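These are my notebook entries on one structure. I set down what I looked up, entry by entry.

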Amino acid sequence: MKKEHFKNLVLIVLIITNFMLSQGIFANKKLWLFGYNFFANMGNNQEKDDFSTALHITVPEKIYVNTGYQSSRFCFSRGSAQFNTIYEKAEKLISSAFSASVKNITEISQEAWYSVLSGKSMYLSFSGEYSPQIYAELIGISQTNLSFDTFSHIAINEDGNVFIMDNANSAFYRILLSDSSVKPLIEQIMNDNRDTESIINYSYELNFDKDFGDQKTFISPMVPVYSSPVYTHTVFVENPVMRSEEMNSGIIERILSAFSINPNTVRRYTEADGTLVFVENNGVLKITTDGVLNFTTNDTGIELSGGNMAILSLSQFTDKINSASGSQKELTLTSPIGSETNSYTFDYLISGIPVKFNDKSAVSAKIEDGFLKEYTHILRKFSPSSPEIPMQPFIEALDNTIVYYQDSMKEIHIMEMFPAYVCDISDHELIKDWYIEINDVIAE
Amino acid sequence: VKKRLISLLLAMLCAVSVPCISYAQYETTIPVTAQGNSTNLIYIKRPQSHSASTSDKTYTISAVGAKGTKVKIFRKTGEVGQIIKTEKEIGASGLYSAVVDLSQDVNNFIVYAENGGNNQVVNIQISKVKQSTVDKLKNLTVNILNFIK
């Protein structure tokens, strides 16, 4: 009889425990909500402390907090605590703006867009360009009502309305939403950074984008012009492939494994410059002594796992290579992505600041029908050090670049200008400098 | 002949030194009545109309000019302008910008540009207004623009 009692007691405890654990899962994951994307939520929870590429495909590179004052306009890079706080808020509003249930989408004027940036707002600047449909799918929304070409700029005003700029047609859209918590968040950011000197004007505010007098230099309207000092520090660069002037065999094996190449059966040879070459039926993998991995194929290529979205599969593969080689995990998408896209590029980020190799991307890849056809990855590890020193002022840096063209140019058009680690593949130390993207030099 | 030679030398000295002296006297101060002898050394891009209103504590003045043009900014105080932005030479971009503090309700500045023997004086006025007034004006502008569209 006592044994029966004991069994019943154990059974009751088990049932109660079962209910408690289930309740915990339901309460935390909110599984009951209609249309709630459990997997997207799971991913977002990881995002806070994970720098993986796959989880950052839809994350902007920088967020500017416009407080209505030029003296307190702040720029936050990916990875900072304040970036995460702001992005958490922005992400929810962007999801709502892309959802199919939103009907209130209005085209607005350029002046109205500028007015949003001049007032209290957040401005999200993406390093890649997205078609709205692909972006929607990436954030777990199957269909969106936004139907323009591509975007890389989103603004959210203090009332929670979302504004998107169509890059291809220079058109602007307002998606009418409401969120009373945006304004207090902007005010909180302003208070938290009260003692920080940050004077930023967009180029359009200074009329640097408009023709005037004998003006030769034109800066795209959305380029932030920094008037207060921007600081940099030295970053040491490591090629993880090399160890004491020899290829690190452990890393090579892990890279081969990421490419599903069996190190025992693959044909291999070493070129005169020390490049390791692995030849397989699926293609040729080369790893150079300066840490550049290159895969090419004339065959079907490597089948990528990770779902039917090529960019997600690719970023997961890139994460795998980064992990295998011990390279910097933080990468940002720099190429446009649409439904027809098959070529992609990524750049490294060091504490949210991009690394720009001369004429090269950290990762470039080509995918066809879910198969990796080409893949190049500059494998690098970065370790920031030493105290911060001020960078040369914005206009001085611009002058020093334009001086090379001045004798023959009539006009020069600057598309992008921002702080970055501009470097060569052979550099061992990096100093942050101004990255200047010139669109057009019109000769005299 | 000797007198003529001395006169010629004096004239030459004057020709060389007058621009230098007139420039030198604008090292740290400038009379508010100063007039330049040129109007096309620099073009003020912001504020386009040479006057503006803001609720901010600073204002960025922007301009465009020929390479080599030297630009200074003075704040008007009484009959003279006191230097607040030391000389900056316009570089290859042709662009110039300087942030000025708005310490008063009405802030008057003199932008002084000089290139060779030419100089230009531009008067700029920046008034401070309350943020609520700026917001009202912005909303009104956006509404009118949306209405026109």
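**Entry 1: a hairpin.** Which residue takes a positive phi in the hairpin of β1(A) and β2(A)? I looked between the strands, where six residues lie, and found G68(A) with a positive phi near 95 degrees. I note here that the model is predicted.

**Entry 2: the pairing of β1(A).** I then looked up the partners of β1(A), which covers residues 62-67 of chain A. With β2(A), residues 74-77, I find antiparallel pairing over four bridges, and V65(A) stands opposite F74(A). With β4(A), residues 120-130, I find six bridges, and these two strands also run antiparallel. In that pairing Y64(A) is opposite Y123(A).

**Entry 3: the two faces of β1(A).** In a regular strand, side chains alternate between the two faces of the sheet. I assigned K62(A), Y64(A) and N66(A) to one direction, and I63(A), V65(A) and T67(A) to the other. Are these residues buried or exposed? I find that all are buried, and the strand is accordingly listed as mostly covered, with six of its six residues buried.

**Entry 4: salt bridges.** I searched the whole structure and obtained nine salt bridges over all chains. Side chains of opposite charge can pair when their charged atoms come close. I examined three pairs in chain A.

- E205(A) and R73(A) meet at 2.9 Å, N to O. I place E205(A) in the loop between β8(A) and β9(A), and R73(A) in the loop between β1(A) and β2(A), 132 residues apart. E205(A) is buried, with a relative accessible area of 14%; R73(A) is buried as well, at 3%.
- D179(A) and K89(A) have their closest N and O atoms 3.8 Å apart. D179(A) is in the loop between β7(A) and α6(A) and K89(A) is in helix α3(A), so this salt bridge ties together parts 90 residues apart in sequence. Why do I list D179(A) as buried? Its relative accessibility is 17%, and buried means under 20%. K89(A), at 22%, counts as partly exposed.
- K183(A) and E158(A) have their closest N and O atoms 3.9 Å apart. K183(A) belongs to helix α6(A), and E158(A) to the loop between β5(A) and β6(A), 25 residues away. I record both as partly exposed: K183(A) has a relative accessible area of 36%, and E158(A) is at 25%.

**Entry 5: the interface of chain A and chain B.** I counted 34 residues of chain A in contact with 29 residues of chain B. The buried area is about 2600 Å², and carbon and sulfur atoms give 56% of this. Which three residues supply the most of the area that chain A buries against chain B? They are Y69(A), Q70(A) and F212(A), with 21%. I find zero salt bridges across this interface, but 14 residue pairs in polar contact, both residues at pLDDT 80 or more. The elements of chain A that give two or more residues to this side are β3, α4, β9 and α9.

**Entry 6: helix α8(A).** Lastly I looked up α8(A), residues 310-325. The helix has 16 residues and reaches 22 Å from first to last C-alpha, close to the 22 Å expected at 1.5 Å a residue. I list many of its residues as buried, including I311(A), L314(A), F317(A), I321(A) and A324(A); S313(A), D319(A) and N322(A) are also among the buried ones. Just after the helix, G326(A) takes a positive phi of about 75 degrees.

How values were computed: Residues numbered from 1 in each chain as written. Chains lettered and ligands numbered in written order. Predicted model: local features only at pLDDT ≥ 70, side-chain atom pairs only at ≥ 80, totals over all residues. Heavy atoms only, no water. Expected span 1.5 Å × (residues − 1). Buried < 20%, exposed > 50% of the residue type's maximum accessible area, 1.4 Å probe, protein only. Pairing = 2+ DSSP bridges. Contact = heavy atoms within 4.5 Å. Buried area = accessible area lost by both parts, 1.4 Å probe. Salt bridge = Lys/Arg side-chain N within 4 Å of Asp/Glu carboxyl O. Polar contact = N/O pair within 3.5 Å; in protein donor to acceptor, adjacent residues only side chain to side chain.
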